[in-house]
Amino acid sequence: MRRAHARAPRLYAALAGLSLAVTAGATLLIPEASAATPAATGYATQNGGTTGGAGGTTVRATTGTQIHQALCGRASSSTPIIIEVEGTINHGNTTKVSGDSCNTAADVIELKQISNVTLVGVGSGAVFDQLGIHVRESSNIVIQNVTVQNVKKSGSPTSNGGDAIGMESDVHNVWVDHVSLIASGGESAGYDGLFDLKANTQYVTLSYSTLRNSGRGGLINSSDSDLTSSYVTFHHNLYQNIDSRAPLLRGGTAHMYNNHYLSLNESGINSRAGAKAKVDNNYFEDSKDVLGTFYTDLAGYWQVSGNVFDNVTWSAAGDENNPAGPDPVSNTTVSIPYSYTLDQASCVPSIVSRTAGAGTGLAVSDGSCTATTPTPTSTATPTTTPTATPTATATSGTNLSIGAGSDGSSKADGTSYGNVRDGDTATYWSPSGSTGSVSIKWSAATAVSKAVIKETSAGAGRIGSWQLLNADTGAVLASGSGAGTISFGSVSLKKLTFSITGSSGVPQVAEFETYA
């Protein structure tokens with residue numbers, strides 16, 4: 001089957017004319033997204049399965065620092081948590097946070113030495129701008145419905161070694177779904193891979209995602225001596241305007257089905273060093289050398305069926321060049337341990353265009369080339385967050401904040417965390433920007449069921465959206481907007497955090513009162 005298309009130009013010349021070209025630092029506008037989470041697919045279903053933070057607390061984050069705070073506020077590094085992300089996450093709002101249940105770093109979203117975590121974009125969308133996501137020594141992770149764009153390894157700013165999403169060092173069971181991964185050039189422009197797995201990363205699925213405008217799509221294993229990563233599924237993804245590595249597979253086993261490969265400029269699926277790739281019902285279009293062993297004499301293998309090659313060109317075989325075409329045939333067999341349903345290759349461009357990437361409502365194929373929005377499974381339904389409407393009702397009883405301690409995320413010059421617990425409405429705390437958090441803490445567990453947030457007269461009305469968090473566990477006790485009285489179910493804790501996630505100016509919190 002062939003469709004009429006002009007051969008795409010090389011990567012760097014094409015960037016200026018693409019409809020989805022992105023300037024470094026720019027924010028993509030993403031449609032309203034659903035937080036409903038379907039079940040994992042592919043190799044992520046094996047080895048015990050991948051459910052992320054299902055069954056855990058749901059926390060909302062609008063900065064990278066808040067993502068790290070949510071990880072660090074859990075009871076342990078394996079306590080399940082679903083982190084809903086909205087807004088632009090960048091270097092300016094992503095700092096290192098410390099705690100017993102996390103191991104974070106500045107200038108990257110660090111998912112290190114943790115498990116049972118879901119990171120999902122919601123609302124108007126989540127964009128990680130010039131900031132990569134790094135998974136290391138972790139398991140049971142879900143990353144869903146987010147955009148990661150323009151992450152660099154050289155130039156400024158840099159993050160995550162130039163990888164949009166990177167995994168390394170004993171990582172297993174990760175499902176990356178409905179994400180948009182974007183670069184604005186190749187290695188000479190400072191970028192590396194969009195989706196790189198190495199150093200014993202196993203049982204991973206990348207599904208319903210887009211990878212665009214990069215010199216390198218991604219790899220499995222980082223060198224011919226690193227052959228420990230394996231069991232990776234790629235399905236219903238769009239690779240567009242990629243020079244090579246779609247992916248580069250050194251050793252290990254991968255399954256590619258129902259992907260649309262458009263404008264692979266130099267090479268595509270590069271199976272080498274004993275790797276095995278099962279390649280089913282994909283649509284390769286306007287591309288070169290889409291499958292084979294390239295740039296090495298260490299042979300790799302493939303099993304092919306049902307693929308469409310539309311305007312694909314093939315180079316001649318050589319000592320370090322073994323293209324599978326022009327008439328690809330299988331040279332191995334690959335056994336797949338999970339069930340899956342194949343769309344016909346002829347409809348892959350259409351179904352992928354309607355389902356892949358962030359902001360598509362998590363739409364998937366029904367297996368018959370029709371897009372459908374799945375209902376969430378019972379194991380992946382996020383915990384609901386109570387919403388509180390602050391009131392001006394007078395509060396009686398002992399203000400537990402008096403004599404307690406306090407800390408926070410940042411403070412503006414001339415303000416203090418202690419000002420929110422001194423009983424004086426003339427003094428106040430402000431974050432260093434328009435959002436931030438302040439906490440009341442006690443040396444022993446204290447029962448609290450009510451908080452009162454008071455603004456200064458000069459700052460009245462500036463506080464917008466907020467969350468009240470049990471900082472011991474990361475649980476969201478209430479969320480809402482505006483200052484006032486917040487009531488919630490009584491909870492015993494050592495630290496209570498008021499996190500301002502939106503404002504109409506720099507907030508001025510005069511008092512953070514707490515009551516039993």
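**Strand 22 and the disulfides**

Strand 19 (residues 269-272) runs parallel to strand 22, and two bridges pair them. One contact can be named: Ile 269 has Leu 291 of strand 22 as its bridge partner. This is a predicted model.

Strand 22 also pairs with strand 25 (residues 321-323). Here the sense is antiparallel, over three bridges. Phe 294 stands opposite Asn 321 of strand 25.

Now look at the two faces of strand 22, which spans residues 291-294. Leu 291 and Thr 293 point to one side. Gly 292 and Phe 294 lie on the other. All four are buried, so both faces are covered, with buried meaning under 20% relative accessible area.

Turn next to the disulfides. The model has two. The first to visit joins Cys 72 to Cys 102, with an S to S distance of 1.9 Å. This pair links distant parts of the chain, 30 residues apart. Cys 72 sits in helix 2 (residues 64-72), while Cys 102 is in the loop between strand 2 (81-89) and strand 3 (109-112). The torsion about this S-S bond of Cys 72 and Cys 102 is about 100°, so the disulfide is right-handed. Cys 72 is buried at 12% relative accessible area, and Cys 102 is buried at 13%.

Another disulfide joins Cys 347 to Cys 369, S to S 1.8 Å. Cys 347 lies in the loop between strand 25 and helix 3 (348-355), and Cys 369 in the loop between strand 26 (364-365) and strand 27 (371-372), so the bond ties together parts 22 residues apart in sequence. Its torsion is about -70°, so this disulfide is left-handed. Cys 347 is buried, at 14% relative accessibility.

Note on methods. Residues numbered from 1 in each chain as written. Predicted model: local features only at pLDDT ≥ 70, side-chain atom pairs only at ≥ 80, totals over all residues. Heavy atoms only, no water. Buried < 20%, exposed > 50% of the residue type's maximum accessible area, 1.4 Å probe, protein only. Pairing = 2+ DSSP bridges. Disulfide = S-S within 2.5 Å.
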